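Reader: Please take a close look at the surroundings of ligand 1. I would like the contacts, the cover and the ring packing described in one connected account.

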Amino acid sequence: MREVIYLDKPSFTEAIKRNQTNINTIHYNNETFLTNLKNNLKISERLAKNNTFYIKTHGCQANIRDEETINGLLTSLSLKRVENIEEASIIIINTCSVRENANNKVYAEIGNIKRLKEKNKDLVLILCGCMVETKDTLANLINKYPYIDIIFGTHNIDSLLNLLYLYMDSDNKKRIVDVSSKEGEIIEDLPATRNNKYSAYVNITFGCDKFCTYCIVPQTRGKERSRDKEDILKECKLLLAEGYKEIILLGQNVDSYGKDLKDQNITFASLLDAVASLPIKRVRFLTSYPSEFSDEVIEVIAKHDNIMKYIHLPVQSGSNSVLKRMARRYTKEEYIALVERIKARIPNVALSTDIIVGFPNESEEEFLDTLDLVRKVKYASAFTFIYSPREGTAAAKLKDKINDETKVARFKRLTDALEEYYPIYNESFINTIQEVLVTSVSKKDKNKVSGVMFNNKIVNFNADPSLIGEIVKVKILEDKLYSFNGELIK
Ligand code: 5AD
Ligand code: SF4
């Protein structure tokens, strides 16, 4: 077995600690950059002839934003990103561990990379992201996949270049692991190479302190930390100057923004107000936590035309007893009351949600409460999941009497309940003219492009791909349940 150098190891006790110490913000300054650059030149010399890297990202928007930083760091070395894994001299798998099937996809992927490693001895395989943050999974990865060269955690992205240097510099290519559970500092101004030129993710908080009993995120991404408002606004202004049309503010729970900052006047409402006051065409935010969604936030959304009238408001379950077992801090009635306040103030709002079916021992009655809530709220869209036990979470310790067939059947019944309302909602857009941000060539028809409406619904229409990144007017013609067909208005 190749020797493994552990610069830091994940620790469950560290990961769940929530101490009051203030988090420092470190600006990634020129000095750090220059030191890296010197090391990087050495890395470049040692890499195989083609200095190319391939990144595959699994999971949520936080991971996508991390990918952009990884991309930025490697691009600062003059390495070139490739889309074909076979052409890469460095492969990075940015993992997700929110559900078991996310882990399984990664295992399959690493299995396939073995063949490439056998063909090319100089190939460097790097793993990062949420999956490496849990002790047992990390041990499994180390033991079963001896050809993984470098592993770093969600708190260690800024060390990537140094890790690569260390690895390249070690004579017999020792394996290197740097996974901290302590959150460390907030590192600002790391280089980022964004995935597109029109819509940008901007982190506002990192981590989560809610500890919903099913969720691994508070362990993998650590204590909740807010970025300084000025750093966020600086990033938004830079994006604006670069011509970005859309900014999506990101946090596991955006409503907690500012609670850990010294200035108590800084809230999510005040931040959102400041961002939407910039001349940016579209502002979105993800994800909201129902019991912390304030009336001030509702007012700010109502006040600004450029804040998309789309709110992703995960409910998880419509049953009070399940919500309690999940440690969600609201009841079905409180959630519905919030939805009513939102709809009263923002009449054209599109609501979406996350729902988990099959939480341990969910009874038929409890499940029916979820169906009832879905019918009352009338979601424009939703993400639905079958509960998946995660090592290290409170719910994973629960014995579950519900069988898989019941869970799968409930999943289908939930989808059916959600789909009762989608056609009614979608119908209201037929023959209307909507602003659409064009994002790609259509996957199904190369002559068409796809774009996104204010409510996150996809519209496909005939147009030239040169329109990608533009906001155009489209007449909505046909409802396809999960998308629309439309016609470009010249
Ligand atoms: N099993 C199933 N779904 C989960 N989610 C989070 N953890 C789990 C789990 N263990 C879902 C929640 C969350 C979304 C991002 O993923 O609905 O809002
Ligand atoms: Fe997970 Fe709950 Fe935090 Fe969301 S709010 S990231 S579901 S612990």
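Author: The account below starts with the shell of ligand 1 and then follows one of its residues into the ring pairs. The model is predicted, so that local features need pLDDT of at least 70 and side-chain atom pairs count only at pLDDT 80 or more, while totals for chains, interfaces and linings use all residues. Residues are numbered from 1 along each chain as its sequence is written, chains are lettered from A and ligands numbered from 1 in the order in which they are written, and side-chain values use heavy atoms, with hydrogens and water left out.

Taking as near any residue with a heavy atom within 4 Å of the molecule, the shell of ligand 1 consists of V98, R99, Y214, Q316, D354, I356, F385, I386, Y387, S388 and R390. By class there are 6 nonpolar, 2 polar and 3 charged residues; here Ala, Val, Leu, Ile, Met, Phe, Trp, Tyr, Cys and Pro count as nonpolar, Asp, Glu, Lys and Arg as charged, and the others, Gly among them, as polar. Two strands, β16 (350–357) and β17 (381–386), each supply at least two residues of this shell; strands (E, at least two residues) and helices (H or I, at least four) are DSSP runs numbered from the N terminus.

Oxygen atoms of ligand 1 make polar contacts, that is, pairs of N or O atoms within 3.5 Å. For the side chain of Q316 the distance from an N or O atom to a ligand oxygen is 2.6 Å. A polar side-chain atom of D354 also lies 2.6 Å from an oxygen of ligand 1, and for the side chain of R99 the value is 2.9 Å. On its own, ligand 1 has 410 Å² of accessible area, of which the protein covers 85%; the areas come from the Shrake-Rupley method with a 1.4 Å probe.

Rings pair if their centres lie within 6.5 Å, with planes under 30 degrees apart counted as stacked, over 60 as edge-to-face and the rest as tilted. The model has 11 aromatic pairs. In one of them, Y330 and Y335 are tilted, at 6.1 Å centre to centre and 35° between the planes. Shell residue Y387 pairs with F359: the centres are 5.4 Å apart and the planes at 70°, so this pair is edge-to-face. F359 sits in the loop between β16 and α13 (364–377) and Y387 in the loop between β17 and α14 (404–427), 28 residues apart. Both F359 and Y387 are buried, meaning under 20% relative accessible area (1.4 Å probe, protein chains only).

Notes:
A polar contact is a pair of N or O atoms within 3.5 Å; within protein, one must be able to donate a hydrogen and the other to accept it, and residues adjacent in sequence count only if both atoms are side-chain atoms. Rings of Phe, Tyr and Trp (its six-membered ring) pair if their centres lie within 6.5 Å; planes under 30 degrees apart count as stacked, over 60 as edge-to-face and the rest as tilted. Buried means under 20% relative accessible area, exposed over 50%, partly exposed in between (1.4 Å probe, protein chains only).
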